[in-house]
Amino acid sequence: MITYNDGLFTITTDSFTYQMKKDAFGHLLHLYYGSPIEGDASSLLSLRDRGFSAVPYEAGLDRSYSYDYLPLEVSVLGDGDFRTPGIIIEQEDGTLSASFRYLCHRIYKGGALLEGLPCGRIDDGESLEITLKEDLSGAELILTYTAKDSSLLRGMKLVAKDKKITLKKALYSMDTIAMDQDVIWFDGRHCSERNKKRAHIDTSTLTFSSRRGATSHQMNNSFILCSHETTEDHGEAVLLSLLWSGSFTFFAEKDQYDSVRCGLGAGSEFFSYDLKNQELVLPQLLLTYSPNGLGDLSVKNNRFVTNYIRRKMTGGLKNPVLLNNWEATYFDFNGDKLISIAKEAKNLGCDLFVLDDGWFGKRNDDYSSLGDWFENRDKLGMSLDELSARIKSLGIGFGLWVEPEMVSEDSDLYRKHPEWALAVPGKAPTRGRHQLVLDLSNREVVEYIKNTLDDLINRGNLDFMKWDYNRFITDFHSSVTLPGRIEYDYIKGLYSIFEYLGNKHPSLLIEGCSGGGGRFDLGMLYYTPQSWLSDDTDAIERIDIEFGSSYIYPISSFGSHVSAVPNHQTKRVTPLFTRSSVAMLGSYGLELDPTKLSEEEKAEIRREIKEYKELCPIIKDGDFYRLLNTPDASCCLSISEDKKDGVLIAVRRLSHGNPKDHYVRLKGLDNKTLYRLGDKVFYGSFLMNYGLLLPFTYSEDLEAIRVRIKAL
Ligand code: GLA
């Protein structure tokens, strides 16, 4: 429910209350965000003379009122607040000053729909829209709030009038009155994404960002604010996650009175967007709240993402188990070899064969041909249509790898259109994997990509596309777009391609990828319901990547494959059952050459694929709980929403002589229900409060166990 009463805006669901107040001068104060409350939360504001804090002119002789310590909904540089600002506006004459005041508001049914940007697909919720007007330029800032279940979607749009303004920073702020808080972030590197880290917020400002033009492996655009005492099972926590796939900035700091401010939004130092009689819609921010610890927070958030953000496929292959040939062949293949791999994949029970890099232009290594999305007939020994038809005649779907945002200097496309690559005139561009980035802020380029891919999908009769992105942007200069607009316009161009392809080919499943999980975010999940999780396919390393990612995203969005041993990244030899069990925590697939497997291995993989298909509804629609993650062992549980059917997966990561036992307490079950686990029967209350001895056999290294949990 959303109410407005005498300047007080209150958004309440069964799970939280979010409250703001219009003050006497029209500024919007942020009062409260937490478990549901009744009443006006401004009673915590203490008004007294604060030395050296600026006072608004309208306050007259009253020195007790200052935006330097009051909690604000919109924090702006140059309006008497010395804390880190969320918004910086440069006026036409270069002055860094702005002041936003209440103009009007409306409350309406349904969600806030954003044209050309990802947004919550909410029809039955309620939204609040508040319009603020800027004193100097007359520009309007329109804030939107859509509440549903435990989540709140915030939106921001800046509408410039006939005075030019430049938006130099555009972050959502969250102010909290004097509370000890921690921030959790997810950092990493190529092959090691989303490591969970935590720090106490204090007076030195913590800043995390990506200025890479994409979300990045190095820093995810989701953060958790929680009380200092919050654990996996107890305490308040809020997840903030941007529906955005480009550069971003986050900061968190404590002010002089111990109140916490944090900010999160699109754009880095490269962002500077000038507007005159124009508007800019900023990406939405998802907030999810839980009073019951990080485990409950991720369950709630993942339900919301599954129901309202992640793309739902209407046709095409349903949860296909795929085989991808990348680690099987790398660039070394021809059509016949691919067909024999696809045939064996079908024999094993796969639904889809995905042909990875190296099928186009004259690409036999990563030095050429990006941009030339035409099959290499000499290499394949046949046309794309023929290859596709022959693979499909085996009774298996067909998918292709593409990297449409990139161009190789050694390509026909670059020779024809060098101006389509982002590069700074007079300066040699940097190369990444020996390639340049196309200028997706240029409509001509976007049109070219749309048409080329549309044609490719038709010619290849594609069921699936793996959309890769293998370097980041360094040279923010375009032949058509002002430099400060590129970060934003590039991503809008990218989204417009997804919109176009989604409308034209609704049953085409697109898997996101960026050297693994370098652009894993809610913006991408809105268009590409799954994403290759990491280029590290080692099962033991992937447990951490899966666990880290599960704080933010549903596990079924993780592209997860069983690869060969010794593993190509770590050289580790892990039992097939363990590799498969870890891959089951995601959208399952194979990343190996099935023609090289022994008959015994083939039989085991066949059994595993069958079992995955049985477990798939739980993995896809159930709740995921992390139960244990230590250097010794990891254990997790996926349980259907009706709490009747689940699977527990545990892996011993380190072997010891005379090992200790491992116990876990289960979560998410029904106390009074009897569950069958193998040949034993337990009440839910027993498993959740007393626990379970993990039935490891200790008979092999890197052992995994899978325990099916079924309500009687
Ligand atoms: C990236 C992807 C891999 C593979 C290669 C192909 O690194 O993450 O899975 O597709 O590109 O070049």
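A polar contact is a pair of N or O atoms within 3.5 Å; within protein, one must be able to donate a hydrogen and the other to accept it, and residues adjacent in sequence count only if both atoms are side-chain atoms. The model is predicted, with local features needing pLDDT of at least 70 and side-chain atom pairs pLDDT 80 or more, while totals for chains, interfaces and linings use all residues. Residues are numbered from 1 along each chain as its sequence is written, and side-chain values use heavy atoms, without hydrogens and water.

**View 1. Polar contacts of the ligand with Arg433, Lys466 and Trp532**. Oxygen atoms of the ligand lie 2.8 Å from a side-chain N or O atom of Arg433, 2.7 Å from a polar side-chain atom of Lys466 and 3.3 Å from one of Trp532. The protein buries 95% of the 300 Å² that the ligand exposes when taken alone (Shrake-Rupley method, 1.4 Å probe; for residues, only the protein chains shown count as cover).

**View 2. The shell around the ligand**. The ligand is surrounded by 13 residues, each with a heavy atom within 4 Å of it. Asp356, Asp357, Arg433, Lys466 and Asp535 are the closest. Six residues of the shell are charged, four nonpolar and three polar (nonpolar: Ala, Val, Leu, Ile, Met, Phe, Trp, Tyr, Cys and Pro; charged: Asp, Glu, Lys and Arg; polar: the others, Gly among them).

**View 3. The salt bridge between Asp124 and Lys148**. A salt bridge has a side-chain nitrogen of Lys or Arg within 4 Å of a carboxyl oxygen of Asp or Glu; the count is 55. In this pair the closest N and O atoms are 3.0 Å apart. Asp124 lies in the loop between β6 (100-109) and β7 (126-134) and Lys148 in strand β8 (residues 140-148), so the pair ties together parts 24 residues apart in sequence. Strands (E, at least two residues) and helices (H or I, at least four) are DSSP runs, numbered from the N terminus. Asp124 is exposed, at 53% relative accessible area, whereas Lys148 is buried, at 14% (buried, under 20%; exposed, over 50%; partly exposed, in between; 1.4 Å probe, protein chains only).

**View 4. The salt bridge between Lys667 and Asp233**. The closest N and O atoms are 2.7 Å apart. Lys667 is buried, at 15% relative accessible area, and Asp233 is partly exposed, at 39%.

**View 5. Glu599 and Lys602 in helix α12**. These side chains meet in a salt bridge of 3.4 Å, N to O. Both residues lie in helix α12 (residues 599-621), three residues apart, about one turn.
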